[in-house]
Amino acid sequence: MQRLCVRRLHRVQSGFSMIEALVALLVLSLGLLALAGFQVRVLVDSVGASNQNLAIQLAGDLADRIRANPAAAATTPSRYVTDWSAGSANGPRPSCEGLKAACNAAELAAHDLWNWKRAIAAALPGGAADVRASATAGGVLLMHLAWDEPAVLDPIAPDPDWQCPTGKACLEVSVAVPQP
């Protein structure tokens, strides 16, 4: 009699461990799916942070060029003011590159903008930029950099005064123009 009871218990419990294994497998697979989704989100956010970091570095580059050429930056209108157009394939003439280059302040400003716009187009996906003189603060230039950021779930809408291209992430950086 005792043997019979042991066999019945054994048969009942053997199926229960299979169900436990399937439930554990289901819980594990759901956990791995959540982890994969988290990993994708981290990768997307790191690309966005990298693009923003590049934009800030490029804005700092032009800010340094503006401060190094106050004669062109302080004119009215500033020689550094530009629109959203892309940099041309050919550089401005005369070329301001090399040791023997002899450029005046306006030519150097045109060369700086050309180099800067090309660097933005090369470094940022769909990169574009403009520079405007501030209407309210004298001696301040406003740089706007824009790039494609398709992974942004809840983008922050830029100020409409920036006239940022539609569908792009934008950044504004202000530069105080040194007076010569």
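Is N51 buried or exposed? Select this residue to begin, bearing in mind throughout the tour that the model is predicted. N51 has a relative accessibility of 8%, and because the limit for a buried residue is under 20%, N51 counts as buried.

**Around N51**

N51 belongs to helix α1, which covers residues 2-68. Display its surroundings and, setting aside residues up to four places away in sequence, you will find N51 touching L124, P125, W147, D148 and E149. D148 is worth keeping in mind, since a later stop returns to it.

**Along helix α1**

Stay on helix α1 and select L22, which lies in this helix and, at 52% relative accessibility, counts as exposed. L22 is one of the residues of a nonpolar surface patch, whose other members are M18, L25, L28, L32, L35, F38 and V42. Together the residues of this patch have about 830 Å² of accessible area.

Now select R67 and D64, which both lie in helix α1 and are three residues apart, about one turn of the helix. Their side chains meet in a salt bridge, with 2.8 Å from N to O. Both partners are partly exposed, R67 with a relative accessibility of 42% and D64 with a relative accessible area of 46%. As background to this stop and to those on salt bridges below, side chains of opposite charge can pair when their charged atoms come close.

**The first disulfide and helix α3**

Next, select C96 and C103, which are joined by a disulfide with an S to S distance of 2.1 Å. The torsion about their S-S bond is about -120 degrees, so the disulfide of C96 and C103 is left-handed. The two cysteines fall into separate accessibility classes: C96 is buried at 14% relative accessibility, whereas C103 is partly exposed at 28%.

From C96, move to E107, which lies in helix α3 (residues 105-123) and is partly exposed, with a relative accessible area of 25%. Apart from its neighbours within four places in sequence, E107 is in contact with P94, C96 and A102. A distance to check in the viewer is the one between the C-alpha atoms of E107 and R93, which is 7.8 Å for two residues 14 apart along the chain.

**Strands β1 and β2**

Colour strand β1, residues 128-133, and then strand β2, residues 140-148. The two strands pair in the antiparallel sense over six bridges, and one place to look is A129, whose bridge partner in β2 is L145. Five of the six residues of β1 are buried, so this strand is largely enclosed by the rest of the structure.

Which salt bridge do the side chains of R132 and D130 form, and how far apart are N and O? The side chains of R132 and D130 meet each other in a salt bridge, at 2.8 Å from N to O. R132 and D130 are both buried, in contrast to the partly exposed R67 and the partly exposed D64 of the earlier stop.

**From strand β2 to strand β3**

Return to D148, which was among the residues touched by N51, and select K168 with it. K168 forms a salt bridge with D148, and their closest N and O atoms are 2.8 Å apart. K168 lies in strand β3 (residues 168-176) and D148 in strand β2, so the pair ties together parts that are 20 residues apart in sequence. K168 is partly exposed at 21% relative accessibility, and D148 is also partly exposed, with a relative accessible area of 32%.

Then select D61, R65 and D112, which are joined into one network by salt bridges that share partners. In total, the structure holds five salt bridges.

**The second disulfide**

For the last stop, select C164 and C170, where a disulfide joins the two with an S to S distance of 1.4 Å. The link of C164 and C170 is right-handed, with 60 degrees about the S-S bond, whereas the disulfide of C96 and C103 is left-handed. C164 and C170 are both buried.

How many disulfides are there? The count comes to two, and when the bonded cysteines of the protein are numbered in sequence order, their pairing is 1-2, 3-4.

Definitions and conventions:
Residues numbered from 1 in each chain as written. Predicted model: local features only at pLDDT ≥ 70, side-chain atom pairs only at ≥ 80, totals over all residues. Heavy atoms only, no water. Disulfide = S-S within 2.5 Å. Buried < 20%, exposed > 50% of the residue type's maximum accessible area, 1.4 Å probe, protein only. Helix = DSSP H or I, 4+ residues; strand = E, 2+ residues; numbered from the N terminus. Contact = heavy atoms within 4.5 Å. Patch = residues over 30% accessible without salt bridge, like charges linked within 9 Å, V, L, I, M, F, W, Y side chains within 5 Å. Areas by Shrake-Rupley, 256 points an atom, 1.4 Å probe, with all protein chains shown as cover. Salt bridge = Lys/Arg side-chain N within 4 Å of Asp/Glu carboxyl O. Pairing = 2+ DSSP bridges.
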